[in-house]
Amino acid sequence: MAGMKTASGDYIDSSWELRVFVGEEDPEAESVTLRVTGESHIGGVLLKIVEQINRKQDWSDHAIWWEQKRQWLLQTHWTLDKYGILADARLFFGPQHRPVILRLPNRRALRLRASFSQPLFQAVAAICRLLSIRHPEELSLLRAPEKKEKKKKEKEPEEELYDLSKVVLAGGVAPALFRGMPAHFSDSAQTEACYHMLSRPQPPPDPLLLQRLPRPSSLSDKTQLHSRWLDSSRCLMQQGIKAGDALWLRFKYYSFFDLDPKPPLPPLQTDPVRLTQLYEQARWDLLLEEIDCTEEEMMVFAALQYHINKLSQSGEVGEPAGTDPGLDDLDVALSNLEVKLEGSAPTDVLDSLTTIPELKDHLRIFRPRKLTLKGYRQHWVVFKETTLSYYKSQDEAPGDPIQQLNLKGCEVVPDVNVSGQKFCIKLLVPSPEGMSEIYLRCQDEQQYARWMAGCRLASKGRTMADSSYTSEVQAILAFLSLQRTGSGGPGNHPHGPDASAEGLNPYGLVAPRFQRKFKAKQLTPRILEAHQNVAQLSLAEAQLRFIQAWQSLPDFGISYVMVRFKGSRKDEILGIANNRLIRIDLAVGDVVKTWRFSNMRQWNVNWDIRQVAIEFDEHINVAFSCVSASCRIVHEYIGGYIFLSTRERARGEELDEDLFLQLTGGHEAF
Amino acid sequence: MGESSEDIDQMFSTLLGEMDLLTQSLGVDTLPPPDPNPPRAEFNYSVGFKDLNESLNALEDQDLDALMADLVADISEAEQRTIQAQKESLQNQHHSASLQASIFSGAASLGYGTNVAATGISQYEDDLPPPPADPVLDLPLPPPPPEPLSQLVVKVHMNDNSTKSLMVDERQLARDVLDNLFEKTHCDCNVDWCLYEIYPELQIERFFEDHENVVEVLSDWTRDTENKILFLEKEEKYAVFKNPQNFYLDNRGKKESKETNEKMNAKNKESLLEESFCGTSIIVPELEGALYLKEDGKKSWKRRYFLLRASGIYYVPKGKTKTSRDLACFIQFENVNIYYGTQHKMKYKAPTDYCFVLKHPQIQKESQYIKYLCCDDTRTLNQWVMGIRIAKYGKTLYDNYQRAVAKAGLASRWTNLGTVNAAAPAQPSTGPKTGTTQPNGQIPQATHSVSAVLQEAQRHAETSKDKKPALGNHHDPAVPRAPHAPKSSLPPPPPVRRSSDTSGSPATPLKAKGTGGGGLPAPPDDFLPPPPPPPPLDDPELPPPPPDFMEPPPDFVPPPPPSYAGIAGSELPPPPPPPPAPAPAPVPDSARPPPAVAKRPPVPPKRQENPGHPGGAGGGEQDFMSDLMKALQKKRGNVS
């Protein structure tokens, strides 16, 4: 229609030429020129562009980006006038979905296509759908930090980059499970590997790397991260992200909904990716000292990591049952039978079922007492059910023992030094008079593992007939061998490459400050000790336990922002948690004051002076300006947490996006 | 005459019905071999009786009765063979063993370790001063049937200084025991009731958490322990759920928060609780401050800065800051329980009396492994104790609370509805319980048939009850029972309780009846369904029922005197002095067989009235009555 002209070639309508660049923002891009009028609809313009390009291609994902206004022209029924587009507008005709490199919570990089035209909230939701992570509202994207060290670029090893950019997900359909993974992952070996990367915990990092990575040394360091969050209500394009840029995907709001679905849906079955990624984020939080914990807590975290890693390495990931469950059952039954037959081959089956195994051996025993110089003495020791009895010699065994100890409820502490060939078990046995201490010294690893496993079971009131006995023995042996490799040789390269190859370096499991504090051989027994309490957990349970322990830390879930309170002369820290705001002294780190969201009446943002004002019940008013991050980040955090608190189990996955944007959007969102 | 005699008949039949009911409620499943049951039941009675006379402590006696009844009921479930043997032994010898012994043997035989058994005994001893003297007591229990469950006799001190003894089996949690006590005491069932253990020697005490296994805890006590278990209300038990703000929001807002704390509305409390207890992991209240720590083995107390974390209690070492990385672990909770210390100011020279103690549950004596901490005030103390419990037990605590609330809610609703109704509601709770706990472990065979009958009976009973007591008469003892109880003008409280207790096994009456009617050859003595229910009667709380009342099966006795007197009196020779009768009985008891009968005393008195009318009454009932009569007479003879 536009471009009507007279015979002389003069345009008689009010049409004008519009130049549109084809491709992504690029000054050199090819361009087409169209004749349009102010009444042209965007849809028509799109059509014309495609005609002019005259290339066969799927253009459906393309749309026009108006560079000056930093805006997509997505309303195809709007006219150019309505958008206010004149001839000087720089328009780019490009794809709405572009590849980005996503740095996942597990620190792996993944290439995929993200929407550059939808508000980030929707873009993240789409990404999460692709990755099969439920509750995308809890996650968001951060800009990757600028890389400072360009100089020592030398030996940055090429890291593996997973690629999901070819995968397209049909809209509106819940991804079906196929071969135990969302169907869209099962297309190729490559995507399958990607799914495994997503859904399985990664091995512990190299301790050296861990030491090199930047760690926050102060509260103000911890505020840095939070200045990089992207706006949820604006699209990536508007926020200056370009195709191929690196972004971090992280759990932003520490309010994890429905993390532990009730029995009918074991977490592993429903969303292993979410659980795993959350675990990874928690793990890195701890390893990089983003969150502090005590020594005892660190040992538990380390033990859980060790356990999780062991399970995931050994492939006991709960590999989903094959297509024919019936066959599987059969297999299981057969293998069970096999085990049974093998296990009981030497003895009568009944016998093995009814008799409780005993341990009898010569061990050296030491009982610390005041004013005693006696050391270890050889005794004949009999361990039956949960009771330990020892005799002067084997001959006296039928008679009265020197002492008899019921180990139920006792504390069992390993006291082991593999390189020193010291295998002691320290027992703290409760009795009405107090705890009695006794040390058992074993000759070698094998003996130690058997007795140790027995003691541990006994302390929980179980006997060696318990089904977990053998696995306990194995676990102890495995851990000992770890210690041998980890710290072992006199050469003492604790971080040698074989250490990480053979099993685990305990240094990879703890935050660097514990690496400085302990030698590996000190660390191992402590991790081992903590491990005994978690050794029976399944992979998903262990991950969940890890996350729970993380959540139980006092500083958990606090996002720090540097602010200046109205009327105050110095910068302070504002901590934002899922239920409260915390005012923290920047220098000392003490909590000055806490306000709970449940008492909050309203909050306002003055975008001009970058000030957030909050009113709480009883006329408490707080106002501050944001220093380290833009006030929209604070605003979005508060709004986001309030949004999250409105979630209800009954509504399931459904999201009230409008509400979210309303709560988190700024004035320009409307 | 006719009319009045009918009345009396009716009354008797009701009484009988009730007795049946009671009996059956004890050991419904036992019925098949009716013979065994009765003897034992009688024994129970006699025990009560005797003790009464001797000790004059009615409550305790009642407890004993109940206990014995429980015990008997349980055991009776055992193989028939055993039963018969018991019976024989019963008839032949009643004197030898002391109560203690019998109980002990019961407990021991039940498969419990020596230690535990000892505990049982010692507790018993505390309770029953005279027991040993009672010859009648020797129950045939000793030959313990194949009992998978170990049980313990536990003496519980009530807050009115009385005590109650209960059978607790190894599977029962504190919650179950509380429910049991609720039933027996009629208390208001509110959430503050708790089992409370006291170590007089260490001067420490604590609540049982509702999910704790009672037998397990008790098995840590030593044989000669002075430790006690109390049943009382402690508002601290669930304080955090009533006013979470005092624990979760304290200290944060300085002064103004105090005001807001009190004002916190229900909705906010709820959301605070949900936030703290319903997330993926529970939130342990932030708690930190200076406390006094008693130094190991010394008398001095040192002030240190402590912090509570989910993983344990930490302190700030000298010269360090209170950041996580500097903290030193003081204790973790896995192997310790938390106790309140009482009067440690005196005992250990503590700076204040607001002390709490952490120790391994097995430690019973002073030891360096016990940690003593001392707070500045009671508020801090409560915060620490609660905080530690939250850290140790986590969500379990909240689950316990919700169960407790549900229980309390149910109870209050029912009590509001009045006594008769109360019976019905109680049924579900009691019924299933007896059904599950006891039968499960013990009933050998008969169970199936019995249970079927039972069910039917139950249905029957229920419907009849619903219909209205009016229908009730000779034929259906169950029916009359319900109405009677309320009518009987018992002190209000008892009826409720009783009804609820019995209600558990409404079916029983029918059954008993049936068997009885069937013309069981059983000797009268045996036959009498011993009213096992005594337990219900022994309301520790009910002040009204003085010992006298209690002696007889409370159900009948208390009210009867007045009302019955009028009716029955005309026809019957005045009932033998109910209370006195029992008294004499004990002595003769030693004579043995009769004693069994004598036990009945409470009931018997009324029975005596019957003698005059036997003719009037229906067949089955008549048999009963005549049996009763005979028994009574025998007993009397003995007495006099």
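**Notes on the chain A–chain B model**

1. A good place to start is the charged contacts: six salt bridges are counted between chain A and chain B. One you may like to look up joins the side chains of Glu433(A) and Lys365(B), at 3.6 Å from N to O. Please keep in mind as you read that this is a predicted model.

2. Polar contacts add to the picture. Eleven residue pairs, both members at pLDDT 80 or more, are in polar contact across the interface of chain A and chain B. On the chain A side, at least two residues each are supplied by α9 (295–313), β18 (422–431), β19 (434–442), α17 (539–551) and β23 (591–596). Of the side of chain A that touches chain B, β23(A) gives the largest share, with four residues. By character, the residues on that side of chain A are twelve nonpolar, ten polar and 15 charged.

3. Now the extent of the interface. Contacts involve 37 residues of chain A and 34 residues of chain B. The size of an interface is often given as the accessible area lost when the parts come together. Here the area buried between chain A and chain B is about 3,000 Å², and carbon and sulfur atoms give 45% of it.

4. Turning to the interior, in soluble globular proteins nonpolar side chains tend to be buried together. The largest nonpolar core in this model has 154 residues, and Leu427(A) and Trp550(A) have the most contacts inside it. The largest share of this core comes from α9(A), which gives nine residues. A second, separate core has 51 residues, among them Tyr315(B), Phe356(B), Leu373(B) and Trp384(B).

5. Trp550(A) deserves a look of its own. Setting aside residues up to four places away in sequence, Trp550(A) touches Tyr254(A), Phe256(A), Leu278(A), Ala282(A), Asp285(A), Leu286(A), Ile291(A), Phe301(A) and Phe556(A).

6. Is Phe185(A) buried or exposed? This residue sits in the loop between β11 (181–182) and α4 (189–199) of chain A. Phe185(A) counts as buried because its relative accessible area is 0%, and the cut-off for buried is under 20%.

7. What surrounds Phe185(A)? Beyond its neighbours within four places in sequence, Phe185(A) is in contact with Leu130(A), Leu131(A), Ser132(A), Leu164(A), Thr191(A), Glu192(A), Cys194(A), Tyr195(A) and Leu198(A). With Ser132(A), the C-alpha to C-alpha distance is 9.9 Å, while the separation in sequence is 53 residues.

Note on methods. Residues numbered from 1 in each chain as written. Chains lettered and ligands numbered in written order. Predicted model: local features only at pLDDT ≥ 70, side-chain atom pairs only at ≥ 80, totals over all residues. Heavy atoms only, no water. Contact = heavy atoms within 4.5 Å. Buried area = accessible area lost by both parts, 1.4 Å probe. Salt bridge = Lys/Arg side-chain N within 4 Å of Asp/Glu carboxyl O. Polar contact = N/O pair within 3.5 Å; in protein donor to acceptor, adjacent residues only side chain to side chain. Nonpolar A, V, L, I, M, F, W, Y, C, P; charged D, E, K, R; others polar. Buried < 20%, exposed > 50% of the residue type's maximum accessible area, 1.4 Å probe, protein only. Core = buried A, V, L, I, M, F, W, Y, C linked by side-chain atoms within 4.5 Å.
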